[in-house]
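Student: I have the sequence and the model open side by side, and I would like to work through the fold step by step. Could we take it as a set of questions?

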Amino acid sequence: MLLGLAVGHAAAAAAAPPPDPLKSPMWDFMVDQLFGDDPVRFDDRVRVVMPEIAEDQRAFPVAVDARAIAGVKRIVIFADLNPIQRAIDYRLADADAYVATRIKLDQRTPVRGAVQLEDGSWLVGGAWIDAAGGGCSAPPVSRVKGDWAKHLGEVRARAWAQAGGAKVQMAFRHPMDTGFVDNIGAYHIETISLKGSDGRVLGVVAMQASVAEDPLLTLIPHARAGEVLRLDGVDTNGIAYAGAIPVPAASGPAAGGGGAAR
């Protein structure tokens, strides 16, 4: 009996999350929600690149760069004190460990990037960000203007050739409604996938409504010069996004595009 109790206490201690260097009141909750029983530790190699102050709480730029770490298979961007904490969940298939986007901030909060390795463990980086607040509860600009339906489903994309692959930037027209504005239900882009011209999956990004209106997404897939990449996505109402993105044979951007299949 004593041996069993000792083993139980040891297992509980091993599963305890590491102390949070940012001392967030939500840290233990975030560990439970995002990582479960997987091992977690903080690592400076998880570079979360962002401004120190949110000049626009509706569209705060965040990039997670974990290219210095081998074996990354997943990247998550989240803000502890947002009502919708997780913004991006990127599952890499054939790409560098990098993702950039813009998110909403509802108040001063830690903004973090977490990467999962092939062994299932997680490495985390991030910082506190000062924000005026209200980014998640303010109506989207396109809703206020009343023209959101005219542009829903539009997508623009471009790619730059670089050593070992390509840098791809994708822009989508979508209100990304959080559901926290009176008489406007939650409505957002759900998934975006990127494939090579031979059909191989390069990566799949799951989004939540805490991503900024008219999402902007940057990835670094392992694409070949001259290849035409395929972009596919869907929102929570079933609106489909599609586009072809040519990768230039030389440095410099090549533009692509597409539209919505309704």
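What follows is an exchange about the chain as a whole and then about one strand with its partners.

Tutor: This is a predicted model, in which local features need pLDDT of at least 70 and side-chain atom pairs count only at pLDDT 80 or more, whereas totals for chains, interfaces and linings use all residues. Residues are numbered from 1 along each chain as its sequence is written, and side-chain values use heavy atoms, with hydrogens and water left out.

Student: How many strands does the chain have?

Tutor: Helices (H or I, at least four residues) and strands (E, at least two) are DSSP runs, numbered from the N terminus. Alongside four helices, the chain has 16 strands.

Student: Why is strand 4 largely enclosed by the rest of the structure?

Tutor: A residue is buried when its relative accessible area is under 20%, with a 1.4 Å probe and protein chains only. Strand 4 covers residues 72-79, and it is largely enclosed because the buried ones among its eight residues number seven.

Student: In strand 7, which residue is the bridge partner of Ile75?

Tutor: Two strands pair if DSSP finds at least two bridges between them. Strand 4 and strand 7 (residues 109-117) do so in the antiparallel sense, over seven bridges. In strand 7, the partner of Ile75 is Val115.

Student: Which residue in strand 5 does Arg74 stand opposite?

Tutor: A hairpin leads from strand 4 to strand 5 through six residues. Strand 4 and strand 5 (residues 86-92) pair in the antiparallel sense over five bridges. In strand 5, the residue opposite Arg74 is Arg91.

Key. Buried means under 20% relative accessible area, exposed over 50%, partly exposed in between (1.4 Å probe, protein chains only).
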